[in-house]
Amino acid sequence: MTPAATVMERCDVLAACTEEPGRITRPFATEALRCAQQHVSDWMRQAGMTVERDNIGNLRGRYGGTGASILLIGSHLDSVRDAGRYDGPLGVMVAIAAVQRLSDAGTRLPFALEVVAFADEEGLRFGSTYLGSRAVAGKLGGDELNRTDEAGISMAQAIREFGGDPERIAGDRWTGEAPLGYVEVHIEQGPVLESLGLPLGAVSAIAGQSRFVLTFTGEAGHAGTVPMAQRRDALVGAAVFVQAVNDLAAGRPGLVATVGQLNVRPGAANVIPGEVTLSLDVRSPDDGERQIACKNLLEMASEVGRDHGLKLNVEQISERAAVACSTRITALLRRAIGEGAVEVASGAGHDGVYMSEITDVGMLFVRCKGGVSHNPAESVATEDVGAAIEVLGRFLELLAEQ
Ligand code: GLV
Ligand code: MN
Ligand code: MN
């Protein structure tokens, strides 16, 4: 079997590690993630790596080099709800394939490689993204560990049940000598490479992102008896707000804003909704534009609350500035791709956002069909995966020559 076919088959194997039969849902610190990690540790060992798991639950596979320096390569193994099979796992599988090739040839590079399979990038379980890379960057801890999931389980407890020690998350922080960089292979999740007819592209930058949870509180009541004029329906307010979010973002180039989660309480056909909680995700390559948009959107939420007699509570979950990829790593990736190599910006978030706190970051995007992702229809071509393995191998050679 070719290395690319092996990668594709492994992505299929990981797709079976899910907490929802029939669809891929693999949140942080769950049995589904444990299942994926068991496979991935086996594959890392087969490729000649030693494997450890840190406290947050990242798997770290190490392939020694002839020198003391180290290059980090990785992506994540968690998923969104009803996910595709390549967002995250593809990058980990391609990294392992590149190491397998070195190990089969008995080659040691002048630097070690650490393949990191991050335990949480999507933030599905706790709403806060990048738990895995934040721990490595030393940016996770404190009150946030008390955040609870939908079942009321705290992050600290989830970490403990998964085999880590929440008191020692600080120990996951990178403390060795400065790495040579962090490189991630990922599906593009957008249509640019496909429209250019190219299998691969280097990434120029990762868009900045803000996330909030908003709660509109009105008054629950009888759907048959409370006259329309006397209602304080939280869902009606939320609906007006969702439309306003869409309209605002549609009118500002480069800005995207999404309400992807809505909880309606008490949630019965014959009860006026008394409380609605919703997520708000705002992104832009321009940090100033994103900040202005957030301010405007929160003002709009207050206005909607006033107009509909609703109380509004806003919690900011995260805020990350846009991250430029390293010109040094990107130039090497472009050389590895060869003539005609392009650079593409990433609207999606990636672990590189936090890894940029400790080292230079570079990314290689792989064309995905129709630009579709966060969707079970996510699809990549085996030949493109083969090209990604080749280019990552060439990139390692180029870095070794420096
Ligand atoms: C992760 O995929 C994100 O961009 O939300
Ligand atoms: Mn994703
Ligand atoms: Mn991803």
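**Two manganese ions and two nonpolar cores**

The manganese ion (ligand 3) takes its protein donors from His76 (NE2), Asp87 (OD) and His186 (NE2), at 2.1 to 2.2 Å. This is a predicted model. Along the chain, the donors follow the spacing H-x10-D-x98-H. His76 sits in strand 3 (residues 70-76), while Asp87 belongs to the loop between strand 3 and helix 3, so this pair ties together parts that are 11 residues apart in sequence. His76 is buried, with a relative accessible area of 0%. Asp87 is buried as well, at 6%.

Asp87 also leads to the second metal. It bridges the manganese ion (ligand 3) and the manganese ion (ligand 2), which lie 3.5 Å apart.

The manganese ion (ligand 2) has its own set of protein donors. They are Asp87 (OD), Glu122 (OE), Glu122 (OE) and His374 (NE2), lying 2.0 to 2.7 Å from the ion. Their spacing is D-x34-E-x251-H. Glu122 and His374 link distant parts of the chain, 252 residues apart. Glu122 is in the loop between strand 4 (112-118) and helix 4 (131-136). His374 is in the loop between strand 16 (361-366) and helix 11. Their exposure can be set side by side. Glu122 counts as buried, at 10% relative accessibility. His374 is partly exposed, with a relative accessible area of 41%.

Now turn to the packing. In soluble globular proteins, nonpolar side chains tend to be buried together. Here the largest nonpolar core has 72 residues. Those with the most contacts inside it are Val40, Ile96, Leu113, Phe395 and Leu396. Helix 3 (residues 89-104) gives this core its largest share, 10 residues. A second, separate core has 21 residues, including Phe212, Leu214, Leu280 and Val282.

Val40 shows the packing in detail. Leaving aside neighbours within four places in sequence, Val40 is in contact with Leu14, Leu59, Leu77, Val92, Met93 and Ile96.

Leu14 points the way to helix 1, where it is one of the buried residues. The others are Ala4, Val7, Met8, Arg10, Cys11 and Ala15. Seen down the helix axis, the buried residues fall within an arc of 160°, so they line one face of helix 1. What covers them includes helix 2 (31-46), helix 3 and helix 11 (382-401). The length of helix 1 can be checked too. At 1.5 Å a residue, its 13 residues (3-15) should span 18 Å. The end C-alpha atoms are 18 Å apart, which agrees.

Definitions and conventions. Residues numbered from 1 in each chain as written. Chains lettered and ligands numbered in written order. Predicted model: local features only at pLDDT ≥ 70, side-chain atom pairs only at ≥ 80, totals over all residues. Heavy atoms only, no water. Core = buried A, V, L, I, M, F, W, Y, C linked by side-chain atoms within 4.5 Å. Buried < 20%, exposed > 50% of the residue type's maximum accessible area, 1.4 Å probe, protein only. Helix = DSSP H or I, 4+ residues; strand = E, 2+ residues; numbered from the N terminus. Contact = heavy atoms within 4.5 Å. Expected span 1.5 Å × (residues − 1). Arc of directions from axis to C-beta. Donors = N, O, S within 2.8 Å, 3.2 Å for Na, K, Ca; no water.
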